[in-house]
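Here are a few short exercises to work through with the model open in your viewer. Try each task before reading its solution.

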Amino acid sequence: MTQCCIHPSILSADFVNLEAELQRISNADAVHVDVMDNHFVPNLTLGLPVVQRIQAVSPVPLDAHLMIADADRWAPGFADAGLASVTFHAEASIAPIKLARELRSRGAKAGMALRPATPVEPYLDMLPELDMLLIMTVEPGFGGQAFLDVTLPKIRRARAAVDGSGAAVAIQVDGGITEETIARAAEAGANVFVAGSAVYGADDPGAAIDLLREKGSRTLRAATE
């Protein structure tokens, strides 16, 4: 899992011109769609009908990050909408293994997210049930936060566990990813990077994606040499 993937977060995009904003990141590996319900996190963003419309016009696959309560009930609907990847929070799921299997059975890759203070160890046995493990590098709920270096040891432990298990699980990080922090996260073992303001805050979002991918790829190559 050494390929560096950049998933821009539309949380930092212009929601009034969302279709045009999606075209500006057409060189991304996927678009990260933050779904928040004002219950699991103190913010409210998009619901399933809007995500379905984004799915219809996006030039790249959709990677949904569900920051919502009762994920067991609501997450499968996003898989049914045809999204490439659906990530639920471990803290919001009563039966995460069952949910991961249901997402896969409905055609989506299954991702599971952990808040910064949630340990990874209780979930290592279920790595074969996942396609992606998202380690939050900020508290979920709002964009523009600073990267939490305290999460780096957890990323390293997750990478060691994934490599040791032989499971094809990507490690995604979300929060505070910039030209500077992407190298630290990649060195720790992440290979999928969510970037919001670093992409949409740039004059040329496409060029910002290319720069982040180059920096992340360089670090990942060095880590495997």
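## Exercise 1: the core

Task: find which members of the largest nonpolar core touch the most other members.

Solution. This is a predicted model, so treat each value as computed from it. Start with the core itself: it holds 70 residues, and I10, V86, M112, L133 and F193 are the ones that touch the most other members. Next, ask which helix feeds it: α5, spanning residues 152-165, gives the most, with 5 residues. As background, nonpolar side chains in soluble globular proteins tend to be buried together.

## Exercise 2: around F193

Task: list what F193 is in contact with, leaving aside neighbours within four places in sequence.

Solution. Use heavy atoms within 4.5 Å as the cut-off. One set of hits for F193 is C4, C5, I6 and H7. The rest of the list for F193 is V173, I177, I182, A185 and A186.

## Exercise 3: the whole fold

Task: work out why the protein counts as being as compact as a globular protein of its length.

Solution. First tally the secondary structure: 8 helices and 8 strands. The radius of gyration is 16 Å, and the globule rule gives 17 Å for 225 residues; the two are close, so the protein is as compact as a globular protein of that length. Then check the burial, where 55% of the 225 residues count as buried. Finally, look at contacts between residues at least 6 apart in sequence: 64% of them join residues at least 24 apart.

## Exercise 4: charges

Task: how many positive and negative side chains are there, and how far apart are their centres?

Solution. Count 18 positive and 28 negative side chains. The centres of these two sets lie 3 Å apart.

Methods: Residues numbered from 1 in each chain as written. Predicted model: local features only at pLDDT ≥ 70, side-chain atom pairs only at ≥ 80, totals over all residues. Heavy atoms only, no water. Helix = DSSP H or I, 4+ residues; strand = E, 2+ residues; numbered from the N terminus. Rg over C-alpha atoms; globule rule 2.2 N^0.38 Å. Buried < 20%, exposed > 50% of the residue type's maximum accessible area, 1.4 Å probe, protein only. Lys, Arg positive; Asp, Glu negative; His and termini not counted. Charge placed at Lys NZ, Arg CZ, Asp CG, Glu CD. Core = buried A, V, L, I, M, F, W, Y, C linked by side-chain atoms within 4.5 Å.
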